[in-house]
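Visitor: Please give me a close look at a single part of this model, the largest pocket, and then follow the chain outward from there. What lines the pocket, and how do the helices concerned pack?

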Amino acid sequence: MPTAVLFDYDGTLLDSIGEVYRGVCNVFRMSGLSEPSIEVFFSTFELPYATFYRKHGVTAPEEDIVRWYFEVARHEEQFFFFDVVDAVNILAQCGVLMGIISAHHEDKIVTRCEEAGIHKHMQLVVGRVNVKVDSIQKFCREYSVSPFETYYVGDLISDVRDAKRAGVIAVGITRGRGTREVLELNGADHCISNLHELLHLL
């Protein structure tokens, strides 16, 4: 059993990646560009968001991109995946330290965790983080855990990249979306389809 497990939020804990894709497609439409296919989205979408948009020819100012995105993306209307509460409770019973490091708004993450009753198991919740390397490493230092005994679980190629750069074990989660190959190509040490598989892996 590892010492610590850190999670991404959108698409990993919250069933919201469909909203992310909807928002991204609207940014492309408003920029006069063809919408990316779902395959292109999953193989290229990364944080920081600006990096992804600029690579695909979006030149609009950041404030326009944010406005266009949230015109259609409804993260707050989505819910945790079916396995989140059970997995977090089991890990907590095993004494595993946990945290969430995400680009999502921190206060919204905390509220959703409180509603689900898992906030008490999270040693750390950090939001609005586009590059997660420093936050992952800071967690390891502050809680005196070895990176070799720390897992970061995320669904995007940038989650895997940041976990590897931080020196922790990178776990790509597919949630049944057929992204195993792209996550492995970007350095995932393990790939799982849900958090029950994470428990078996650990």
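Guide: Helices and strands are taken here as DSSP runs, of at least four residues for a helix and at least two for a strand, numbered from the N terminus. The model is predicted. On that footing, Arg128 can be placed in the loop between strand E3 (124–126) and helix H7. Arg128 is not a glycine, yet its phi is positive, at about 60°. Arg128 also belongs to the lining of the largest pocket, where Tyr49, Tyr69, Phe70, Ala103 and Arg128 lie nearest the centre.

The pocket holds about 700 Å³ of space, and 32 residues line it. By class, this lining consists of 16 nonpolar, 6 polar and 10 charged residues. Two or more residues each come from H1, helix H3 (49–55), H4 and helix H6 (106–116). The largest share is that of H4, which gives 5 residues.

One of these lining elements, H3, is preceded by an unusual backbone feature: the peptide bond from Leu47 to Pro48 is cis, with omega near 0°. Pro48 sits in the loop between helix H2 (38–44) and H3.

Two of the lining helices also pack against each other. The axes of H1 (residues 17–30) and H4 (residues 62–72) are 7 Å apart, at an angle of about 130°. This value is neither over 145 degrees nor within 65 to 115, so the pair counts as oblique. The crossing of H1 past H4 is right-handed. On the H1 side the contact uses Glu19, Val20, Arg22, Gly23, Val24, Asn26, Val27 and Met30, and on the H4 side Ile65, Trp68, Tyr69, Glu71 and Val72. Sorted by class, the residues of this contact are 8 nonpolar, 2 polar and 3 charged. Tyr69 thus has two roles in this account: Tyr69 is part of the contact with H1, and Tyr69 is among the residues nearest the pocket centre.

Going back to the loop that holds Arg128, the helix at its far end is H7. H7 (residues 133–142) comes within 8 Å of helix H8 (residues 157–166), axis to axis, and the two cross at roughly 45°. H7 and H8 are therefore oblique to each other, and their crossing is right-handed. Val133, Ile136 and Gln137 of H7 meet Asp162, Ala163, Arg165 and Ala166 of H8. That contact comprises 4 nonpolar, 1 polar and 2 charged residues.

Notes: Residues are numbered from 1 along each chain as its sequence is written. This is a predicted model: local features need pLDDT of at least 70, side-chain atom pairs count only at pLDDT 80 or more; totals for chains, interfaces and linings use all residues. Side-chain values use heavy atoms; hydrogens and water are left out. Axes are lines fitted to C-alpha atoms, for helices over the stretch in contact, and angles run from 0 to 180 degrees between N-to-C directions. Angles under 35 degrees count as roughly parallel, over 145 as roughly antiparallel, 65 to 115 as roughly perpendicular and the rest as oblique. A crossing is left-handed if the near helix is turned anticlockwise from the far one by less than a right angle, and right-handed if clockwise. Contact means heavy atoms within 4.5 Å. Ala, Val, Leu, Ile, Met, Phe, Trp, Tyr, Cys and Pro count as nonpolar, Asp, Glu, Lys and Arg as charged, and the others, Gly among them, as polar. On a 1 Å grid over the protein atoms alone, a cavity is a set of points where a 1.4 Å probe fits but cannot get out, and a pocket is an open set with protein on both sides within 12 Å along at least five of seven lines; lining residues have an atom within 4 Å of a point. Grid points are joined across faces, edges and corners, and a volume is the space filled by probe spheres set on the points.
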